[in-house]
Amino acid sequence: MNLPVLSIIGLGKLGSPMVAAYASKGYKVIGVDINGDFVESINKAKPPVFEPKLGEYLLSYKERISATQDYREAILNSDITFIIVPTPSQEDGNFSTQYVVKAGEEIGKCLKEKNEFHVVVLVSTVTPGSTEKDLLPALEGYSGKKCGVDFGLCYNPEFIALGNVIEDLLNPDFVLIGESESRSGDILEAFYKNICPEGTPIKRMNITNAEITKIALNTYVTTKISYANMIAELCEKIPGGNVDIVTDALGCDKRIGHKYLKGATGYGGPCFPRDNRALIYTARNYKVILPIAEATDEINRMQPDRIAKKILDVLPPQGKVCILGLSYKPDTNVIEESQGIKLAKKLEEKDISVTVYDPAAMNNARQLLRKANFANSLQEALTDSDVIVVVTPWPEFKEIDPDWLKADSTIIDCWRMLDPQRFNKRSKYLAIGVYHE
Ligand SMILES: NC(=O)c1ccc[n+]([C@@H]2O[C@H](COP(=O)([O-])OP(=O)(O)OC[C@H]3O[C@@H](n4cnc5c(N)ncnc54)[C@H](O)[C@@H]3O)[C@@H](O)[C@H]2O)c1
């Protein structure tokens, strides 16, 4: 069987792992980016972005991978094109489609020269309605061709977690396909049957429902996180309360489940906060209020203040704070909407001395934190600090030796990943979500 050739437009945090993952399944993949450095990087089998396993994959499957800045080269030599360019959030919560439209115009110009049926697949997250309102006219206008006749259009978002992108792409819980007509949906379904384990559900629907499903799903997950954080706050107030004991039991109910039900810090990153706000924005546009989504966002916005208050309650005058973890989650250097950064900024505003440490995100954080002291190692970050806060649950923070801490310091463990018995000797150990005398 001749496999279709793929082109992937946008070689960033999601696009470049897509190139690698699909090449690993036998597909020839041509990547396109306007960023010449990223193109060069892919052609040298070097990861243009931080993502575990990406380097190994690019190297192992380099015969099937190429990248270019030239749309024509990519579109004329491929059968399916995935668009995975940024869709930045605007002030009101809406996603901008300016880069998607630009990509659509370039693809349209190439489709004009093509006789074969070509499938264009939008992967970037968009506000419901945008694929057909913004991308479709760009494709039809610049190609002079008709969607559903000369080319097909699908909306096919991915539900991946940074740090585990390749694994998630190859083993999704389900595949979501919004299709302009069944011919393109059939082509995309056949592609995913080849990529995913047998039996992976493939949900096909119109484009609008797929757009709604994408942001509704992420909003549901964020609701679970804010719910657990709400219970954590309650547990801290009731003598004997402990959020882990409560959520561990709650999660046993199959209607609830354990995933994303850990009372800790708020959620961050390039998807969760903005997808939730985009759902709120979409609903308001249709004069509908979504109180659950709004409360989820509100609870999340409260989390850095909640932790800052705990720090201030125990910080001695002129005391120094250490923040461990600046990436929004472990295994990534992405700091977008990171709780560690938000917390550090809040303390900086109060002129409190802050030292920060993160295994991967120090360079990215330097642009945002102007006053903080950037430690060279985990141990160095701890030695002179009066209050230490574990904000991101990087596994290496489990290695903290209690002897590295200053005597009488306080360690605030947002994820309850340290052993209280070991830390309560020289220091005071405080866990988020647990009642303390
Ligand atoms: N990163 C994630 O965790 C994640 C998860 C799900 C969905 N998404 C969505 O995927 C989209 C892309 O996200 P990302 O994190 O990969 O972004 P990114 O910023 O890491 O990468 C985007 C890439 O697109 C390139 N680009 C921009 N305009 C272009 C154009 N006209 N032609 C070719 N290349 C162009 C940029 O140079 C960049 O390399 C967004 O809509 C995002 O919401 C991201």
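**Figure 1. Glu337 sits in a loop between strand 9 and helix 13.** Strand 9 covers residues 320-324 and helix 13 covers 339-349, and the loop with Glu337 runs between them. Keep in mind, here and in the other views, that this is a predicted model. Look at the backbone of Glu337: its phi is near 55 degrees, a positive value in a residue that isn't glycine. Is Glu337 buried, exposed or something in between? With 26% relative accessibility, Glu337 counts as partly exposed, because that label covers values from 20% to 50%.

**Figure 2. Arg416 also has a positive phi although it is not a glycine.** The phi value of Arg416 is about 55 degrees. To find this residue, go to the loop between strand 13 (410-413) and helix 16 (420-423). Buried or exposed? Arg416 has a relative accessible area of 14%, so it counts as buried, the cut-off being under 20%.

**Figure 3. The ligand lies between two domains.** Domain 1 spans 6-205 and domain 2 spans 251-431. Why do we say the ligand lies between them? Because both domains give residues to the shell around the ligand. That shell is made of 24 residues, and Lys13, Asp33, Tyr71, Thr87 and Arg274 come nearest. Sort the shell by class and you get 13 nonpolar, six polar and five charged residues.

**Figure 4. Lys13, Leu14 and Asp33 each place an atom by an oxygen atom of the ligand.** Start with Lys13, where a polar side-chain atom lies 2.9 Å from a ligand oxygen. Leu14 takes part with its backbone instead: one of its backbone N or O atoms is 3.0 Å from an oxygen atom of the ligand. For Asp33, an N or O atom in the side chain is 2.6 Å from a ligand oxygen. And how much of the ligand does the protein bury? Taken alone, the ligand exposes 830 Å², and the protein buries 90% of that.

**Figure 5. Tyr27 and Phe191 form one of the 10 aromatic pairs in the structure.** To describe a pair of aromatic rings, you give the distance of the centres and the angle of the planes. For Tyr27 and Phe191, the centres are 5.0 Å apart and the planes are at 70 degrees, so this pair is edge-to-face. Tyr27 is in the loop between helix 1 (15-23) and strand 2 (29-32), while Phe191 is in helix 8 (residues 182-195), so the pair ties together parts that are 164 residues apart in sequence. Tyr27 is buried, with a relative accessible area of 1%. Phe191 is buried too, with a value of 1%.

**Figure 6. A second edge-to-face pair joins Tyr267 and Phe272.** Here the ring centres are 6.2 Å apart and the planes are at 90 degrees, so the pair is edge-to-face. Both Tyr267 and Phe272 are buried.

**Figure 7. Five aromatic residues are linked by ring pairs into a cluster.** Which residues are in the cluster? They are Tyr22, Tyr27, Phe82, Phe191 and Tyr192. Tyr22 also turns up among the buried residues of helix 1.

**Figure 8. Helix 1 is mostly covered.** Nine of its nine residues are buried. Among them are Gly15, Ser16, Met18 and Val19. Pro17, also in helix 1, is buried with a relative accessible area of 0%. How far is Pro17 from Asp386 in space? From C-alpha to C-alpha the gap is 41 Å, and along the sequence these two residues are 369 residues apart.

**Figure 9. Thr355 in strand 10 makes a polar contact with Asn373.** Strand 10 consists of residues 353-357. The contact runs from side chain to side chain, at 3.1 Å. Thr355 is buried, with a relative accessible area of 8%.

**Figure 10. Gly199 is exposed in the loop between helix 8 and strand 8.** Strand 8 covers 202-205. The relative accessible area of Gly199 is 70%, which means exposed, since that label needs a value over 50%. What separates Gly199 from Phe174? Their C-alpha atoms are 9.3 Å apart, and along the chain the two are 25 residues apart.

How values were computed. Residues are numbered from 1 along each chain as its sequence is written. This is a predicted model: local features need pLDDT of at least 70, side-chain atom pairs count only at pLDDT 80 or more; totals for chains, interfaces and linings use all residues. Side-chain values use heavy atoms; hydrogens and water are left out. A residue is near a molecule or strand if one of its heavy atoms lies within 4 Å of it. A polar contact is a pair of N or O atoms within 3.5 Å; within protein, one must be able to donate a hydrogen and the other to accept it, and residues adjacent in sequence count only if both atoms are side-chain atoms. Accessible areas come from the Shrake-Rupley method with a 1.4 Å probe; for residues, only the protein chains shown count as cover. Ala, Val, Leu, Ile, Met, Phe, Trp, Tyr, Cys and Pro count as nonpolar, Asp, Glu, Lys and Arg as charged, and the others, Gly among them, as polar. Domain bounds come from an automatic or database domain assignment. Rings of Phe, Tyr and Trp (its six-membered ring) pair if their centres lie within 6.5 Å; planes under 30 degrees apart count as stacked, over 60 as edge-to-face and the rest as tilted. Helices (H or I, at least four residues) and strands (E, at least two) are DSSP runs, numbered from the N terminus. Buried means under 20% relative accessible area, exposed over 50%, partly exposed in between (1.4 Å probe, protein chains only).
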